[in-house]
Amino acid sequence: MTDILEITDLEVTYQRSILALHGVNLRVAKGQITSLLGANGAGKSTTLRAISGFIGLDNARVNAGRVRFLGEDITGLQLPRTIHKGIVLVPERDKVFTNLTVAENLEVVATSREEGSKWQQIEEEIFVYFPRLAKLRNKPAGLLSGGERQMLAIGGALVCRPQLLLIDELSLGLAPVIVDEIIERLREVHAKTELSMLLVEQSAAVAFALASYGFVLENGKVELEGATEDLRSNQKVLDLYLGTGSTGRADYLANARRRFEERANV
Ligand SMILES: Nc1ncnc2c1ncn2[C@@H]1O[C@H](COP(=O)(O)OP(=O)(O)OP(=O)(O)O)[C@@H](O)[C@H]1O
Ligand SMILES: [Mg+2]
């Protein structure tokens, strides 16, 4: 199976001194959905930023290692060139323009992609994937629920015609029923387009519902990888990410609570 993305020994520092990634190795197979799990501060978002060219915006730098996309070395490539290559990130925060309507959010992306003349057709395509958005087309994005915003952000990313879609925290802070809906929609997108995806998740259950392969990041390093069916039964994953182990449940709950409180303060 060909890899669309290959990361080798990637090291990233913030502000020249804070080492966030200590030699990350991971791959995304073409046409597959891959997950990246990890606790708070493990380096998941940093990894996605390094791939998608957001890194310069955060005073971060790739110190060592390589990012290869479709065999080409793209280490350190910045926005918007990464988007032109076909790598599109749905970020953790600030996913949508809150003062623009749903339709305008999609239009802005389409026009910036020089597909402006076709934007209505593109918009309709997105509404087929996310019928809920069609009903909300004239509503300001700032008035959408968290789940609806997530759908709009994914819709906006799809307007860019990505070859690799990166999603940072698909399910964080969303009600389970809307998470299920987003999972279903992404499955449909994947079934139709075979779009390669890398999903960063705090919920192993969500990651495993979509991905066929996964990586577990700890303190800036990949500690575990495997097919989803193997990760599902791995004791460490059970303890830390599914909260079903004997000691794991307390850690898992404490971690979830801390993360919730951190987000609530943002
Ligand atoms: N802008 C920044 N400046 C300095 N250090 C940062 C910055 N962003 C992240 N870091 C540090 O880099 C490390 C990795 O952070 P990162 O945000 O990638 O983790 P994460 O796995 O996405 O965590 P979370 O689950 O909380 O989103 C952490 O130690 C974090 O404190
Ligand atoms: Mg993060």
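Here are three short exercises on a predicted model, each with a worked solution.

**Exercise 1.** How many helices and strands are in the chain, and what percentage of its residues count as buried?

*Solution.* Start with the secondary structure: the chain has 11 helices and 10 strands. Then turn to burial, where 49% of the 266 residues make the cut. As for the surface, about 12500 Å² is exposed, with carbon and sulfur atoms supplying 49% of that area.

**Exercise 2.** Take helix 6 (residues 146-159): what should its span be, and is the helix enclosed or open?

*Solution.* Length goes first. With 14 residues at 1.5 Å a residue, you'd expect helix 6 to span 20 Å, and its end C-alpha atoms do sit 20 Å apart, so the two agree. Now check burial: 12 of those 14 residues are buried, so helix 6 is largely enclosed by the rest of the structure. The buried residues of helix 6 pack against several elements, among them strand 6 (87-90), helix 3 (102-112) and helix 7 (176-193). Just past the end of helix 6, Arg-161 has a positive phi of about 50°.

**Exercise 3.** Which residues have the most contacts inside the largest nonpolar core?

*Solution.* That core has 42 residues, and the ones to pick out are Ile-154, Leu-158 and Leu-165. Next, ask who contributes: helix 6 gives the largest share of this core, 7 residues. Zoom in on Ile-154: beyond its neighbours within four places in sequence, its contacts include Val-90, Phe-130, Leu-165 and Ile-182. Finally, don't miss the second, separate core of 30 residues, which includes Ile-7, Ala-20, Val-28 and Leu-166.

Methods. Residues numbered from 1 in each chain as written. Chains lettered and ligands numbered in written order. Predicted model: local features only at pLDDT ≥ 70, side-chain atom pairs only at ≥ 80, totals over all residues. Heavy atoms only, no water. Helix = DSSP H or I, 4+ residues; strand = E, 2+ residues; numbered from the N terminus. Buried < 20%, exposed > 50% of the residue type's maximum accessible area, 1.4 Å probe, protein only. Areas by Shrake-Rupley, 256 points an atom, 1.4 Å probe, with all protein chains shown as cover. Expected span 1.5 Å × (residues − 1). Contact = heavy atoms within 4.5 Å. Core = buried A, V, L, I, M, F, W, Y, C linked by side-chain atoms within 4.5 Å.
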